[in-house]
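Student: I have a chain in front of me and do not know how to read it. Could you take me through it feature by feature?

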Amino acid sequence: MDHLTGDINRVIKNAIEVMEDSKYQIYEICESARTELESLEQELEIVLQETVKTIDKVDQLEQDYRRARIRLTEVSRDFVRYKEDDIKSAYEKATQIQLDLMVYREKESYLKARRDDLQKRVRNVENSIERAETIASQINVVLEYLAGDLNQVTRIIESAKTRQLLGLKIILAQEEERKRIAREIHDGPAQSLANIVLRTEIAERMLIKQEFVMVQEELVDLKGQVRSGLEEIRKIIFNLRPMALDDLGLVPTLRKFTQDFEEKTKIHTVFELIGKDARMPSAMEAAIYRLVQEAFTNALKHASASHIKLEINYQPQHISLIIQDNGVGFHSELIEQDATRNAHFGLVGMRERIELIEGRMDIDSNPGRGTKIVIDIPTTAESRKE
């Protein structure tokens, strides 16, 4: 077994070295792409500004050309008031404006085509960066998993295909959560801020032109966008950690969670409190909240339940939770044997989390009879750390 462990350690070490090298190559590709993206965005900004100026110039020239043609018509008809030189001057001016208009229209078409091309290239580079970051993230997941305590390889070989898969699943879930948060910030607040910057530039141009009514309308719209962006940021913060958990405590937060869950999923939800709730260490309250959240998510995804009940019982030495649904159920004794199924990963992950806070979990379920999860957590363990 020692020989086998040594061979595995060498294989893992070589794999880590190869992946570390690949990771830095991907990093260099990402940095090169980001440099190109920055250059493209700067050029695009210049083209956008030039496009706006050219469009304004075309609009002005069109107005000038209309006035010049009206002037030419007037002098051409009134031979008494206007001389041949006046007609010639009006004609030359109209012709010159027409030529300028043609030049600027051509310039406008070129700038718009250039703008569209740059925007397309920016999107392509952004997609390339995102794909490279995804690959780097996946390599990080594997590296983080492989670079763990290699002395435990023997124990993993002997015992734990379930633990191995679960550990990788947890790390993958963490990476997915990070990507989700990054995407939420990119698509939400970051886009809002970029749009706000653009709108402030528009308002600035209107101020220069002294179009105060339009500036006022723009500022009202801008204020609405700022409020919307602030709301998006607050939602992201709440999803990371419900602020009510720190401010109000576990019971009010879970009560609100069950109400929101019922409103969102249309699954009838009951919350019942037994005993007097008491504040616990922040980390324990967060762990219990996540356990309930995971249990409800499992019931939603896999149980096809129409009714879920959450019961919390506060005792002097411990707290117990009962989550019961009327869903399809399953053979609870097969959980550990069949932990590779997504439906059971959540329950196995809950058990791992409960063990970290020195609690225990019992599952009672059978096909067609729903599922009952009983969680018991001691609240007085002196050795527990947050």
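Tutor: Start with a term needed for reading a sheet: two strands count as paired if DSSP finds at least two bridges between them. With that in hand, take threonine 269, which stands opposite isoleucine 308 in S2. Keep in mind throughout that this is a predicted model.

Student: Which strands are joined there, and how many bridges join them?

Tutor: Strand S1 and strand S2 (residues 307-314) are joined by seven bridges, and the two run parallel. In general, the strands of a sheet pair through backbone hydrogen bonds, either parallel or antiparallel.

Student: Before going further, how many helices and strands does the chain have?

Tutor: There are nine helices and five strands. Read from the N terminus, the order of the elements is α-α-α-α-α-α-α-β-α-β-β-α-β-β.

Student: In what order do the five strands form the sheet?

Tutor: The order is S1-S2-S3-S5-S4, in an open sheet with mixed pairing. Strand S1 (268-274) and strand S4 (360-365) stand at the edges; each has a single partner strand, so one side of each has no neighbour in the sheet. On average, neighbouring strands of this sheet are turned by 10° against each other, with direction ignored.

Student: In which sense do S2 and S3 pair?

Tutor: S2 and S3 pair in the antiparallel sense, over seven bridges. The two form a hairpin with three residues between them. For one pair to look up, take leucine 310, whose bridge partner in S3 is isoleucine 323.

Student: And in which sense do S3 and S5 pair?

Tutor: S3 and S5 are antiparallel too, with eight bridges between them. Here aspartate 325 has threonine 371 in S5 as its bridge partner.

Student: Why is S3 described as largely enclosed?

Tutor: The cut-off for buried is under 20% relative accessible area. Six of the eight residues of S3 are buried, so the strand is largely enclosed by the rest of the structure. For the chain as a whole, 32% of the 386 residues count as buried.

Student: Which strands does helix H7 lie across?

Tutor: Helix H7 (residues 250-265) lies across S1, S2 and strand S3 (318-325), and runs at about 165° to S1. Helix H8 lies across S1, S2, S3 and strand S5 (371-378), at about 10° to S3.

Student: What can I look up at histidine 302?

Tutor: Histidine 302 lies in helix H8 (residues 282-303). This histidine is partly exposed, with a relative accessible area of 33%. The C-alpha atom of histidine 302 is separated by 8.2 Å from that of valine 328, 26 residues apart along the chain. As for contacts across the chain, among those between residues at least 6 apart in sequence, 70% join residues at least 24 apart.

Student: How should I read a positive phi?

Tutor: Most residues other than glycine have a negative phi. A positive value at another residue is therefore something to note under that general rule. Lysine 266 is a case, with phi near 65°. Its place is in the loop between H7 and S1.

Student: Where does serine 304 lie?

Tutor: Serine 304 lies in the loop between H8 and S2. Its phi is also positive, at about 55°.

Student: Are these two residues buried or exposed?

Tutor: Lysine 266 is exposed, with a relative accessible area of 68%. Serine 304 is exposed as well, at 63%.

Student: What does glutamate 108 touch?

Tutor: Leaving aside residues up to four places away in sequence, glutamate 108 touches Thr54, Ile55 and Val58. Glutamate 108 lies in helix H2. With a relative accessible area of 14%, glutamate 108 is buried.

Student: What lines the second largest pocket?

Tutor: The lining has 25 residues, of which Leu44, Glu45, Leu48, Ala194 and Leu198 lie nearest the centre of the pocket. Helix H1 (2-77), helix H2 (84-146) and helix H4 (161-208) each supply at least two residues of this lining. By class, the lining has nine nonpolar, six polar and ten charged residues. The volume of this pocket is about 950 Å³.

Terms used:
Residues are numbered from 1 along each chain as its sequence is written. This is a predicted model: local features need pLDDT of at least 70, side-chain atom pairs count only at pLDDT 80 or more; totals for chains, interfaces and linings use all residues. Side-chain values use heavy atoms; hydrogens and water are left out. On a 1 Å grid over the protein atoms alone, a cavity is a set of points where a 1.4 Å probe fits but cannot get out, and a pocket is an open set with protein on both sides within 12 Å along at least five of seven lines; lining residues have an atom within 4 Å of a point. Grid points are joined across faces, edges and corners, and a volume is the space filled by probe spheres set on the points. Helices (H or I, at least four residues) and strands (E, at least two) are DSSP runs, numbered from the N terminus. Ala, Val, Leu, Ile, Met, Phe, Trp, Tyr, Cys and Pro count as nonpolar, Asp, Glu, Lys and Arg as charged, and the others, Gly among them, as polar. Buried means under 20% relative accessible area, exposed over 50%, partly exposed in between (1.4 Å probe, protein chains only). Axes are lines fitted to C-alpha atoms, for helices over the stretch in contact, and angles run from 0 to 180 degrees between N-to-C directions. Contact means heavy atoms within 4.5 Å.
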